[in-house]
Structure formats: C-alpha cells, structure tokens
Amino acid sequence: MRLFEHMGSVVVSNIVLLVVAALVVVGTLSSLLAARFGAPILLVFLVVGVAAGEGGPGGIHFDDYWATYMVGSAALAVILFDGGLRMRVASMRGAILPAVGLSTVGVAFTAALVALVAAPLLGLGWMEALLVGAIVASTDAAAVLFLVRAQGLHLGRRVGSVIEIESATNDPAAVFLTVLLVELLTSHLADPGLMVVFGALREMVVGAVLGVAGGYALVALLNRVDLPGGLHPVMVVGVAVLLFALTSLLHGSGFLAVYLAGLVVGNRPVRAIASITSFLDTITWLCQIVMFVMLGMLVSPEKILQYALPALGVAAFLILVGRPAAVFACLAPFHFSLKEKLFVSWAGLRGAVSIFLATIPMLAHLPMAEVYFNVAFAVVLVSLILHGWTMAYAARRLDVALSDPDPGVRRFEIDLPGQTDMELVAYPVMAATPAVGQAQLPPWARLVMVVRANETLTPEAAGPLKAGDYGYLLAPPKRVHQLDRMFRPEETTPLDDSAAFPFVGEVRLGDLASFYGLAVPDSELGLTIADAFADRSDDQPAPGMRIAYGHAVIEVRGVTDGRVTYAVLRLEAGRLKRSIARVRRLLGFPPEQDEDDE
C-alpha cells in the first residue's frame with residue numbers, strides 16, 4: 001500500500017516538473033513573438049502565467065505568495081547584479097545625480113501624488129493610499145531600453161544612462177517605502193516621522209557599504225581562488241544572492257547592495273569575466289521568465305475586473321501626471337531639454353517589481369491586501385500595453401534616439417586561465433570593415449590565429465585579414481570594445497574624398513547644419529562636435545569614429561584628454577558643389593554662372 005502511495009507522490013512530482021518546464025519553454029518561445037511584433041517580453045510572460053493559472057485555460061491553482069516572494073527576491077538580486085556588472089562607470093558621467101534623484105526623491109514624490117488619487121478612487125485612508133503609490137512607483141526601464149534597441153534605435157548616452165541607472169536604483173527605494181508602510185499599518189504608530197528618516201538612511205548606508213565591500217571581496221575571491229572550469233559563474237550568482245540576504249538581515253537595502261557589487265566587479269579586472277557574463281545572460285533570462293510566470297499565475301482575471309475602473313484611473317494619473325511631475329521636478333537642476341524630460345517621463349514603464357511589491361501586503365495579511373495586488377497588476381498591464389507599443393515611436397518623435405546607431409558587431413570572448421590582464425577575443429571578418437586588408441593593429445592588441453576556409457593559420461601565413469575569416473586576438477579586457485570598430489561595417493555612403501572640411505571640436509552642430517544642410521536632429525542642434533561624440537561613447541572617443549548626418553559624415557581626427565578637439569566633415573559624392581553654393585548664398589556672395597544655369 002505504501003508503495004502505491006509513494007508511486008502517487010512520484011507521479012505528482014513529475015506532473016509538477018512537466019508543468020513548470022512547459023511554462024518555461026512556452027515563455028521562452030513566446031519571446032520570439034514579442035521581438036517580432038514589438039511587444040514587451042514581460043507582458044508575454046505575464047500573459048503565459050495568467051493563462052496557466054486558475055482563471056485561465058491551464059486551470060492551475062497557485063496562491064503561494066511566500067514562495068513567489070522568495071523566488072522574486074532571488075531573481076531580482078541576480079538581475080540587478082547583472083545590471084551593475086554591465087554598467088561602465090565612464091558611461092555614467094553626468095547621469096548619476098539626476099538618476100539618483102529620480103530613484104529616491106522621484107519615487108517618494110510619485111507615491112505621494114498617486115495617493116491623492118488612489119484614496120478617493122479606492123476608498124482608502126491616507127496611509128493605505130500611500131502604500132498603493134509606493135507599490136507602483138518603481139519603473140522597469142530595462143524593458144524600455146530593450147524595446148528601443150530592438151527596433152533599431154539607440155538613445156543618447158546621457159538619457160540612456162539616466163533611464164538605466166534609475167531602473168536599477170529605484171527598486172531599493174520602492175521596496176523600503178513599501179515595507180515601511182506595511183510595518184506602519186500593522187504597528188499603528190502615531191508619529192512615524194523619525195522612523196522614516198532613520199530607516200531610509202540606514203537602508204541606504206548599510207546597502208552601499210556592504211555592496212561596495214562585497215564587490216571588492218568577490219573580485220579578490222575570483223582572482224585568487226583557482227576553481228575548476230565553469231564554476232566561477234555559479235559562485236558569482238551564489239555570492240550575489242548571499243550578499244542580498246545578508247544585507248537584508250542587517251536592515252540594509254539588499255537590492256542596492258547587489259547592484260553596487262555588480263558595478264564594482266564589472267569595472268575591475270576579473271578572471272573568467274567572459275564566462276561569467278555569458279552565464280548571467282542565460283540565468284537572468286531564466287530568472288525573469290520564472291518570476292513573471294509565477295506572478296501571472298497568482299492573478300485571477302475575475303478579481304482584476306472588479307477593480308478595473310479605479311485601477312484605470314490610478315494608471316492614467318500615474319502615467320499622465322504623477323510620473324511627468326516627478327521627472328520635471330527632479331531633472332529641473334540638470335539642464336535637460338524639454339524633449340528629453342518628456343521622453344524620460346514616458347519611459348516610466350511599470351513592470352514585475354510593482355507586482356512583486358504587492359505580494360508584501362498579502363504576506364502581512366493587511367485587510368486591503370487584495371486591493372493592492374489587483375490594482376498593481378492592472379496598472380502594470382496598462383503600462384506595458386501603452387508604453388510597450390509606443391516607446392520607439394516616442395523616441396523618434398522626440399529626437400532622443402541617435403540618428404546613426406552603431407551597427408552591432410559579433411564578438412566572442414574566451415578566458416585565459418590564471419590571467420586577468422589579457423583575454424582572447426574572436427571576430428568574424430565581414431566585407432566593408434576596416435579589418436579587411438588590415439596589417440597594422442593597435443600596439444596593445446596581437447593577432448594570434450586566423451581561421452580561413454576551415455584552415456587554421458598563423459598570422460604570418462594568413463597575411464592581411466580577408467572577408468570570411470575569423471580572427472583571434474589578444475587584448476586587454478578594458479580595451480576590447482575599441483577593437484569592435486575595426487570589425488564593424490563602415491558607412492556605405494559614397495563620400496567625396498577630394499574635400500574634407502576641418503573643424504575644431506567646439507563647433508556647434510546647429511551651425512554646420514545651417515551651412516551644409518546636414519540632417520541633424522533637433523535635440524542635437526545645440527551640441528558641439530565634441531559633445532555629440534561624447535554622447536555616443538561609453539568610454540571615450542577615438543580617431544576614426546564617425547557620425548553620419550544624412551549625406552555627410554563627421555570623422556574624428558584628434559582627441560585630447562578624452563575629448564574631440566579636431567574633426568573633419570566629409571560630404572556624399574555629388575553634394576559638395578551644392579553645399580558650396582549654399583554657403584555662398586548664406587554669406588551674401590553672388591551666385592556663380594553655373595549655379596544660374598542650374
């Protein structure tokens with residue numbers, strides 16, 4: 001009899017594994033449809049979860065908020081660590097202060113504004129309404145960047161960095177505010193003022209100190225401990241979750257700690273960094289799929305419909321009033337243009353964190369917990385649908401996307417055992433790239449092998465690289481991205497090599513646009529040549545970098561202290577004569593005879 005009981009348990013376990021694995025596979029494959037039709041991947045995963053849940057065709061009964069909270073915490077820790085790991089400190093210049101302002105003051109301001117509307121619409125008291133605002137105050141700007149880039153756009157460095165840093169640092173503020181309000185609602189404190197101030201300072205200070213210390217400790221561990229191949233990434237994920245849990249136990253912000261730890265690791269020489277980033281690419285996708293599907297399974301469509309009208313009112317106010325008001329207030333001191341502020345306002349896409357935060361009142365058994373959860377889910381759904389299909393359009397209309405995003409370059413990185421100063425990188429050599437026929441490499445890079453037509457050749461035997469080759473090079477990890485320029489397709493616009501107009505780096509693009517008729521976006525007219533290249537460079541500009549503006553290309557020729565000092569303007573073949581005629585007219589000279597003939 002016991003044998004049959006155990007057999008039944010095995011069958012149930014296998015059914016659970018089957019369902020979980022099937023949901024992961026369906027969620028993964030559905031991401032292809034998301035990329036094809038421009039839908040946010042988060043929306044697709046949530047829909048898969050809802051369809052699998054009790055109220056959908058799947059009919060699976062799932063209401064374990066504690067398990068969801070645990071899985072969500074671990075998943076967010078890994079995702080935030082990965083976000084910090086990929087952020088270059090050099091790309092954060094000019095963006096840290098505005099982003100931190102948005103992620104702290106902006107979160108609190110947004111929560112307070114939403115509370116003004118949530119209280120009458122949902123029939124809540126002031127503290128309960130503020131909790132609704134705190135739950136929906138954080139953004140999922142990583143999804144915004146995916147949407148913009150998936151449609152062939154690339155945001156300017158400053159705007160893109162502000163959105164990306166805000167998305168990683170506003171989660172700790174929203175989590176702290178939500179937990180604090182839940183504690184206040186359950187403890188019924190009369191005067192929570194000092195508790196709020198000291199609690200916020202403690203969370204941020206403890207999280208920052210442990211995050212930086214943990215990051216440096218992880219760097220030392222990776223570089224000194226010789227682990228078997230493939231275990232470095234596993235240890236990194238384990239340390240990230242450990243650091244999150246330890247910081248939370250010490251009443252610090254675990255989310256801030258893991259982000260800062262990732263930032264330290266990503267900007268230091270680290271052994272096995274290529275395998276670590278490759279592994280995190282996979283594990284963060286898995287974390288997102290599992291977390292979003294679980295959150296979707298918690299939802300009951302019938303209950304969502306009960307709160308549909310007030311939730312739509314909250315969502316409309318948040319998107320059209322609350323978020324823009326917070327953005328304009330926080331960015332006022334930092335000289336952002338009107339169009340940049342409008343885009344950052346529209347980039348306030350709500351995501352999984354808001355639904356995750358809504359599970360906290362459920363775990364605390366607050367009387368209105370069901371209201372918070374269903375309203376939060378409805379707000380996220382509206383935001384995903386509205387923002388998800390309009391983000392790229394808004395970037396184009398507001399001229400915050402660069403006019404010439406760099407085409408992607410395929411690069412394969414291979415770790416060298418016991419080595420952090422150099423790594424082996426491989427590139428496919430395509431036609432129309434500077435690498436074709438290139439015999440001279442930068443002094444800090446060395447070609448070690450060429451694969452050509454299934455043959456493995458030494459650099460001496462291969463000679464200059466040819467289209468179709470695979471080139472393997474040794475280079476310092478911090479300079480690998482500079483090699484990308486050699487293997488990136490050049491501009492295909494035929495340029496007139498007979499004329500290159502020289503300019504110093506401080507010349508305004510607006511002046512060049514007036515004289516030469518360049519197609520410069522409105523958002524860049526006030527920039528200098530040096531500013532334009534700085535806005536496109538994560539590290540620093542280098543000679544040979546180009547920006548295309550319609551029929552012309554501006555090319556860097558001189559850089560001093562990381563800033564462009566000398567550049568040349570080259571025009572498309574056939575445009576030179578018309579541009580000279582335009583300049584003569586602007587300067588008041590009479591037209592030449594052949595101009596009259598035209």
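## A tour of the predicted model, from salt bridges to strands

Begin by selecting Glu506, Asp531 and Arg563, which are linked to one another in a network of salt bridges. Keep in mind throughout that this is a predicted model, and that a search of the whole structure finds seven salt bridges.

**Further salt bridges**

Select next glutamate 370 and lysine 303, whose side chains meet in a salt bridge with an N to O distance of 3.4 Å. This pair links distant parts of the chain, since glutamate 370 belongs to helix H16 (residues 369-388) and lysine 303 to helix H12 (residues 301-306), 67 residues apart. Glutamate 370 has a relative accessibility of 32% and therefore counts as partly exposed, and lysine 303, at 34%, also counts as partly exposed.

Move on to aspartate 511 and arginine 508, where the side chains meet in a salt bridge at 3.0 Å, N to O. Aspartate 511 counts as partly exposed at 37% relative accessibility, and arginine 508 counts as partly exposed at 35%.

Now show glutamate 555 together with arginine 557: the two form a salt bridge in which the closest N and O atoms are 3.4 Å apart. Is glutamate 555 buried or exposed? Its relative accessible area is 11%, so glutamate 555 is buried, whereas arginine 557, with 39% relative accessibility, counts as partly exposed.

**The hairpin of E8 and E9**

Select strand E8 (552-560) and strand E9 (residues 563-571), and display them as a cartoon. These two strands run antiparallel and are joined by eight bridges, with alanine 552 standing opposite leucine 571 in E9. E8 and E9 form a hairpin with two residues between them, and in the turn aspartate 561 has a positive phi of about 55 degrees.

From E8, step back to histidine 551, which lies in the loop between strand E7 (546-549) and E8. Histidine 551 has a relative accessible area of 12%, and so is buried. If you draw a C-alpha to C-alpha distance from histidine 551 to leucine 571, it comes to 6.1 Å, although the two residues are 20 residues apart in sequence.

Add strand E6 (residues 501-504) to the selection, and you will see that E6 also runs antiparallel to E9, to which four bridges join it. Within this pairing, phenylalanine 501 has leucine 569 in E9 as its bridge partner.

**Strand E2 and its partner**

Which strand pairs with E2, and over how many bridges? Select E2 (residues 423-428) and strand E5 (residues 470-475), which pair in the antiparallel sense over six bridges. Tyrosine 427 stands opposite glycine 471 in E5.

Colour E2 by accessibility and the strand proves mostly covered, with six of its six residues buried. In a regular strand the side chains alternate between the two faces of the sheet. Here Glu423, Val425 and Tyr427 lie on one side and Leu424, Ala426 and Pro428 on the other, and both faces are covered. Centre the view on alanine 426, which is found in E2 and is buried, with a relative accessible area of 2%. The C-alpha atoms of alanine 426 and leucine 474 are separated by 9.0 Å, while the residues are 48 apart along the chain.

**Helices H10 and H9**

Select helix H10 (residues 254-266), whose end C-alpha atoms are 18 Å apart; at 1.5 Å a residue its 13 residues should span 18 Å, so the two values agree. H10 is mostly covered, since 13 of its 13 residues are buried.

For a contrasting view, turn on the surface and select Leu242, Leu246, Leu249 and Leu250, which make a nonpolar surface patch of about 420 Å². Leucine 246 is found in helix H9 (residues 231-249), and because its relative accessibility is 41%, leucine 246 counts as partly exposed.

**The nonpolar cores**

Finish in the interior by selecting Phe81 and Phe343, the residues with the most contacts inside the largest nonpolar core, which has 126 residues. Helix H7 (residues 157-187) gives the most to this core, contributing 15 residues. A second, separate core has 22 residues, among them Tyr516, Leu518, Ala530 and Tyr549.

Key:
Residues numbered from 1 in each chain as written. Predicted model: local features only at pLDDT ≥ 70, side-chain atom pairs only at ≥ 80, totals over all residues. Heavy atoms only, no water. Buried < 20%, exposed > 50% of the residue type's maximum accessible area, 1.4 Å probe, protein only. Pairing = 2+ DSSP bridges. Salt bridge = Lys/Arg side-chain N within 4 Å of Asp/Glu carboxyl O. Expected span 1.5 Å × (residues − 1). Patch = residues over 30% accessible without salt bridge, like charges linked within 9 Å, V, L, I, M, F, W, Y side chains within 5 Å. Areas by Shrake-Rupley, 256 points an atom, 1.4 Å probe, with all protein chains shown as cover. Core = buried A, V, L, I, M, F, W, Y, C linked by side-chain atoms within 4.5 Å.
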